[in-house]
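This report is for a reader who has not met this structure before. Please look at the sequence and the model first.

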Amino acid sequence: MAQFRNFRMVGYVVYGRGSFNQLDEILAPRRNGDAPMIFLVDHFFENNALLNRIPLRGKDKIIMADVTYEPKTTQVDKLARELKAEFGNVSGIIGIGGGSVMDLAKAVALMMTNPGSSADYQGWDLVKQAGVYHVGIPTLSGTGAEVSRTTVLTGPTRKLGMNSDFTPFDQIVLDPELTANAPANQRFYTGMDCYIHCIESLEGTYLNEFSKSYGEKALQLCREVFVEKETWDAECDDKLMMASYAGGMSIAYSQVGVAHAVSYGLAYLLGTKHGIGNCIVMNHLEEYYPAGVAEFKGMVERHNIHIPQGICQGLTENQFDIMMNVALSLKPLWENALGTDWEKIMTREKLRALYGRL
Ligand code: NAD
Ligand code: ZN
């Protein structure tokens, strides 16, 4: 009998320019006595006027999150430990930032109520207790972290998400104004994460009509902003935010594929960030996604974006092995991309050659 994934989604969604201004009234009914709301804010917004718009009440606290590196299990554990020591209980965690800060917020919310280390929960459905109330407010569009049931963390032995029904946000605030000042390169890398999600989902073997409906819409929106528009404007921010949402919904019922699997290996060994890492890999995937890669290259050229080359030059065989082990451990991604016989198609030799070209 077929088993269909029965997945949990985000609780509440508000979308619109200026919707951030509703945050105070959104949070009010979720406050438990004097337990504070904790605002985890991307360090990009240090000294930014956005901080003055955060609706602080009582013991509420703003914590600036350093996302120079992608979130680590040690960083999550430390934040949760310090919050428990300082406040005992908190009413909620609100993540304001790119995918990194949103993932941090989800993970810290879970670790406020679950024992041990976040590294114990990297995997599928290992989290047993609901976390505290958590809200995601993206300031970059593309990762789909605002809708996903995972929070990607680099742990002691792997880079893997805490995938669970307790991970999705209780509330998201989609205000495209918050993405307005993102630099063109960063906007492109994160936007391409969405584009690549769409290609991997739409070309994958797990595809069903649910995923296809969202994936096609997200792809269309990506094309409108990155292929058709002459110059970037507010409408592009509006569209890319919805592309990210729809792209995330698409992979909820399918999976990502080759670019992500290979990119995870780079991230683990070299610390390559998700958006740019996906671009570095996508640049060399003609064999798997010919039409998508051709269109991708056109967008890179059109937006005059630098995609690094030769990042694996000089690595030792041992280091290539580490990356390959990380990539090959992500079985659902390969199965989605290449089918159940994927191990015969993506042999270690083939993957080694691919890494060698990056
Ligand atoms: P990011 O969150 O890592 O941020 C990239 C840089 O942009 C940072 O320096 C940040 O400070 C800065 N920044 C954030 N908002 C900005 C703004 N408005 N203007 C200018 N700069 C801004 O980048 P990302 O691509 O959004 O997220 C990548 C992360 O998301 C990775 O850690 C990846 O693992 C994770 N991810 C998670 C999921 C999921 O489903 N949970 C999916 C994809 C990626
Ligand atoms: Zn991604």
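The sections below cover the basis of the model, the site of ligand 1 and the site of the zinc ion.

## Basis

This is a predicted model, in which local features need pLDDT of at least 70, side-chain atom pairs count only at pLDDT 80 or more, and totals for chains, interfaces and linings use all residues. Residues are numbered from 1 along each chain as its sequence is written, chains are lettered from A and ligands numbered from 1 in the order in which they are written, and side-chain values use heavy atoms, with hydrogens and water left out.

## Surroundings of ligand 1

There are 27 residues around ligand 1, and Asp42, Ser100, Thr139, Ser148 and Thr190 come nearest; a residue is near if one of its heavy atoms lies within 4 Å. By type, the shell holds 10 nonpolar, 11 polar and 6 charged residues, with Gly counted as polar. Domain 1 (12-179) and domain 2 (184-357) each give at least three residues to the shell, the bounds coming from an automatic or database domain assignment.

Polar contacts are pairs of N or O atoms within 3.5 Å. Oxygen atoms of ligand 1 lie 2.6 Å from a polar side-chain atom of Ser148 and 2.7 Å from a side-chain N or O atom of Thr190. A polar backbone atom of Leu178 is 3.4 Å from a nitrogen atom of the ligand. The protein buries 92% of the 860 Å² that ligand 1 exposes when taken alone, by the Shrake-Rupley method with a 1.4 Å probe.

## Zinc site

The zinc ion (ligand 2) has as protein donors Asp193 (OD), His197 (NE2), His260 (NE2) and His274 (NE2), at 2.1 to 2.2 Å; donors here are N, O and S atoms within 2.8 Å of the metal. Along the chain their spacing is D-x3-H-x62-H-x13-H.

How values were computed: Polar contact = N/O pair within 3.5 Å; in protein donor to acceptor, adjacent residues only side chain to side chain. Donors = N, O, S within 2.8 Å, 3.2 Å for Na, K, Ca; no water.
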